[in-house]
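Dear colleague,

I am passing on the structure we spoke of, and I would be glad if you could look it over alongside the notes below.

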Amino acid sequence: MHGPASPGWLLVALCAATGAYCLLRMRSGVEEQRRAAGGEALMGFGMAAMAVPAAVLAPPRWAWLVYSAVFGTAALRALWAARTGRHHLHHLMGAFAMAYMAAVMAAAPGHHHGSGGSGVPLLTASLLVYFTGYVLLSGARLVSVPALAVGGGVRTGSPGWGDRPELARACRLSMGMATVAMLITL
């Protein structure tokens, strides 16, 4: 994405760290958590690649088309999964937002994004409203999650890194914040 280099690198670091943690979550004993973590790892690493500052690496048009195809496929998969549970709708929104941003970048690769005017304003604004609301709601929910640590020690039989719901929520929250940042710079 185009914009200042320092925030871009922070966004890359946040998204890559989120993707790496999601890979750890794939070691969960619960299949649904593994599947969700795999999709979130794809999103995290894909977002990290898309957030590399354009001053360092300006991907060619075909790279944006590949991003759009990968995230479009992820959106279709999430749409299919949403028929069994509405919790997949957020994955659909995230994958759609990434496919949309990649398509906008493919359509106008030479345009200096971050100055406004890229993409469909109503669609961009709608996605911004959705993800801003998601970030605020997720942040409030995360604050209310009780800690698993007791007196500095971890309870016996506590879940492993892949099964910690508060860390999974923090992972999703950080990707939501990154999506808001990327939509703003679009």
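The notes that follow go from the overall fold to the largest pocket and then to a patch on the surface.

Please keep in mind that this is a predicted model. The secondary structure of the protein chain comes to six helices and two strands, and from the N terminus on these elements run in the order α-α-α-α-α-β-β-α. Of the 186 residues in the protein chain, 39% count as buried.

The largest pocket has a volume of about 1,200 Å³. It is lined by 42 residues, of which E40, H87, H90, H91 and R172 are the closest to its centre. The elements that give two or more residues to this lining are α2 (31-51), α3, α4 (89-107), α5 (121-143) and α6 (165-184), and α2 gives the most, with 10 residues. Sorted by class, the lining of the largest pocket holds 17 nonpolar, 13 polar and 12 charged residues.

On the surface, L42, W62, V66 and V70 make a nonpolar patch of about 380 Å², and the largest share of this patch, three residues, comes from helix α3 (residues 61-81). V66 is found in helix α3 and has a relative accessible area of 42%, so this residue is classed as partly exposed, given that the class lies between the cut-offs of under 20% for buried and over 50% for exposed.

With best wishes

Definitions and conventions:
Residues numbered from 1 in each chain as written. Predicted model: local features only at pLDDT ≥ 70, side-chain atom pairs only at ≥ 80, totals over all residues. Heavy atoms only, no water. Patch = residues over 30% accessible without salt bridge, like charges linked within 9 Å, V, L, I, M, F, W, Y side chains within 5 Å. Areas by Shrake-Rupley, 256 points an atom, 1.4 Å probe, with all protein chains shown as cover. Salt bridge = Lys/Arg side-chain N within 4 Å of Asp/Glu carboxyl O. Helix = DSSP H or I, 4+ residues; strand = E, 2+ residues; numbered from the N terminus. Buried < 20%, exposed > 50% of the residue type's maximum accessible area, 1.4 Å probe, protein only. 1 Å grid on protein atoms, 1.4 Å probe; cavity = no way out; pocket = protein on both sides within 12 Å on 5 of 7 lines; lining within 4 Å. Points joined across faces, edges and corners; volume = space filled by probe spheres on them. Nonpolar A, V, L, I, M, F, W, Y, C, P; charged D, E, K, R; others polar.
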